[in-house]
Structure formats: C-alpha cells, structure tokens
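Biologist: Could you walk me through this one, a bit at a time? I'd like to know where the empty spaces are and what surrounds them.

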Amino acid sequence: MAAIDRVVSACEKKGLKVVSLGKWHRCAHPCNPEGDEKRRSFGFCATNDGTVIVASHKPSYSSEDAIKALGLEWADLFPETNDYEYTDQNGRPVGRVMRKPGKSFPQGHYDRDGNFHSGIDGPLPLYLAPLVVQWVEQKRPVYVVEGEKDVRSLVRRGFAATTKPGGAKSPWQPGHAEMLSGADLIVVMDKDDAGLTAAIEACHALQPVTKSLKIVQAAKGKDATDHLDCGYTVDQFVDRSDLVPEPR
C-alpha cells in the first residue's frame, strides 16, 4: 500500500472525512475531531517520490501527535525509494536527488508548471522543509546529517532530522540557516575527512542563528544510519563537541 493510501485509510477508520484540496488532503484533526469538520485542521500530501508530508494546524497538537492518534508511525510515511524529493515549505515540489549505482547523485528540478528537468535551477531548500519548519516551531531538537538516507533513518524512528542537498561539499545557503533559526541542533558527523570538514562548515553556517549546537558521531560505522542499524540509540552517539569551532 502506498504511504498516502495508508494515511487516508487510517483517517477513514477513525471516522474522519478526507477532502482533497488540490495536492493537499484535509480532515478534522485526529487528536480532537469534535467540532473541527469545517476547519479540517489536519492536512497531508504526497510528494512525487511517495513520501507523505503532514501538517497539524491545531497549536495544541504536533504532527507527531496526529500520526500517533491515527495509529501510525513516522515509518509509515516513507516508502522505500532511491529518489529523494525536495519541496518548498508549502509542499510544492522544487527538486529531486536520485541515488544511482556507484554513489552517483544526479539532481533535477521542477518548473512552476510541475514539469521535471535535469540539473538544478538555483539552490534547493533543506530536505523535508515543511516538516523542518514545524519541528523548529515545536522546539524539537533537529539532527543535521549528511544525506537523505540518514534523514530517513532518523525520522522513521521518530526524530527530527534534515540535510542540505548536494552532499558534504555543497555550500550552506542563507535560506537553510534561516529555516533552522532558533533551533537546538545536533550535527551528526560522518567519520571521514569529508565528514569532519562538512561538520565544521555546518557549525560556521548555523552558529549565528542556532539556540544550541553540538557535534556527534556514530558509535559504530560511518554515519547515522550505520549507528542506528547497529542497534545504538541517539543517546549513544559519541559527543564530539570538542570539534565545535569558535564562532567566526
């Protein structure tokens, strides 16, 4: 079953009437549906890679609260795919990163009419941008990792995470830092020279806007996915705050 169908089915089983408004689907909030049939305070949409973006429009409840109320987990919102869709904060598709054999990651972009083109036409936002905005507003710690695979590994387990597009050597854009303004950030460093450089650059880019920032690394393996797949928890990341540079 596709992730979007899984969410629709969960809503219907709870007795919530789902209404489609363009790309977005809306229904009464699953945490508190009484009297919310007109406002439809819970929304969700599927990106082109099949990932479901959710939005809670009741301040008392987070998106995570809504997912739990539907009997779902974050893992239910992510299909198995090697394509990673990037959207703006409103869920509009703007780009895609494709994982190819040999660790090749060609990129593409969407025009205003939704047509896909090879190559990038300007910088992409952070991965899972609509969720990142919600997580920062909810004051949740956000893990900054190197690559979309690591983001999915963390989010599927219920943690807030994101990455900039383009890998370790791509630059941080002003819009990336702005989206993370005021957040508590944990930079998960890949255990190689490129990962160390990328972590230091992330600190320099994000220190001026962050509430707090630290660097950690995997207890076993190279990256966040290796660490989690080996059975370690996020509390068992190795603290490398000794690497946090002095602000420029």
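Modeller: Sure, but we need one bit of vocabulary first. Ala, Val, Leu, Ile, Met, Phe, Trp, Tyr, Cys and Pro count as nonpolar, Asp, Glu, Lys and Arg count as charged, and the others, Gly among them, count as polar. Also keep in mind that what you see is a predicted model.

Biologist: Okay, then how do the residues lining the second largest cavity divide into nonpolar, polar and charged?

Modeller: This cavity has a volume of about 40 Å³. Its lining is made of Thr47, Asp49, Thr51, Ile53, Glu85, Tyr86, Thr87, Leu128 and Ala129. Sort those by the rule above and you get four nonpolar, three polar and two charged.

Biologist: Which strand gives the largest share of the lining of that second largest cavity?

Modeller: Look through the lining for neighbours in the sequence, and you'll spot Glu85, Tyr86 and Thr87 among them. The largest share is three residues, and it comes from a strand covering residues 83-87, namely E5.

Biologist: Ile53 caught my eye in that lining. Which residue stands opposite Ile53 of E4?

Modeller: Follow the strand pairing here. Strand E3 (residues 42-46) runs antiparallel to E4, with five bridges joining them. Opposite Ile53 stands Cys45.

Biologist: And what is the order of the strands in the open sheet of four?

Modeller: The pairing in this sheet is antiparallel, and the twist from one strand to the next averages 25°. Strand E1 (19-21) and E4 are the edge strands, each pairing on one side only. Put together, the order is E1-E2-E3-E4.

Biologist: At about what angle to E3 does helix H1 run?

Modeller: Helix H1 takes in residues 3-13 and lies across E2, E3 and E4. Its angle to E3 is about 155°.

Biologist: Let's go back to the holes. What is the volume of the largest cavity?

Modeller: Here's the general idea: rolling a probe the size of a water molecule over the atoms shows where empty space is left. In this model there are two cavities of 30 Å³ or more. The largest has a volume of about 150 Å³.

Biologist: Which helix gives the most to the lining of the largest cavity?

Modeller: The lining has 17 residues, and those closest to the centre are Val144, Val145, Glu146, Trp172 and Ala198. At least two residues each come from strand E11 (184-189) and helix H6 (193-206). The one that gives the most, with four residues, is H6.

Biologist: Which strands does H6 touch where it packs on the sheet?

Modeller: That sheet is an open one with five strands in the order E10-E9-E11-E12-E13 and mixed pairing. E10 and strand E13 (238-239) have a single partner strand each, so one side of each has no neighbour in the sheet. H6 makes about 165° with the direction of E11, and the strands it touches are E9, E11 and E12.

Biologist: What is the bridge partner of Val187 in E12?

Modeller: E11 pairs with strand E12 (residues 212-217) in the parallel sense, over six bridges. Val187 has as its partner Ile215.

Biologist: Now the open spaces. Which helix supplies the largest share of the lining of the largest pocket?

Modeller: That pocket holds about 560 Å³ of space. It is lined by 22 residues, and the closest to its centre are Arg99, Phe105, Glu146, Gly147 and Gly167. By class they are five nonpolar, four polar and 13 charged. The largest share, three residues, comes from the helix at residues 148-155, H4.

Biologist: How many of the eight residues of H4 are buried?

Modeller: A residue is buried when its relative accessible area is under 20%. In H4, Glu148, Asp150, Val151, Arg152, Ser153, Leu154 and Val155 pass that test. The helix is mostly covered, and the number buried is seven.

Biologist: One more: what is the volume of the second largest pocket?

Modeller: Its lining has 20 residues, with Ala55, Ser56, His57, Pro130 and Gln134 nearest the centre. By class the lining gives nine nonpolar, eight polar and three charged residues. The volume is about 360 Å³.

Methods: Residues numbered from 1 in each chain as written. Predicted model: local features only at pLDDT ≥ 70, side-chain atom pairs only at ≥ 80, totals over all residues. Heavy atoms only, no water. 1 Å grid on protein atoms, 1.4 Å probe; cavity = no way out; pocket = protein on both sides within 12 Å on 5 of 7 lines; lining within 4 Å. Points joined across faces, edges and corners; volume = space filled by probe spheres on them. Pairing = 2+ DSSP bridges. Axes fitted to C-alpha atoms, helices over the stretch in contact; angles between N-to-C directions. Contact = heavy atoms within 4.5 Å. Buried < 20%, exposed > 50% of the residue type's maximum accessible area, 1.4 Å probe, protein only.
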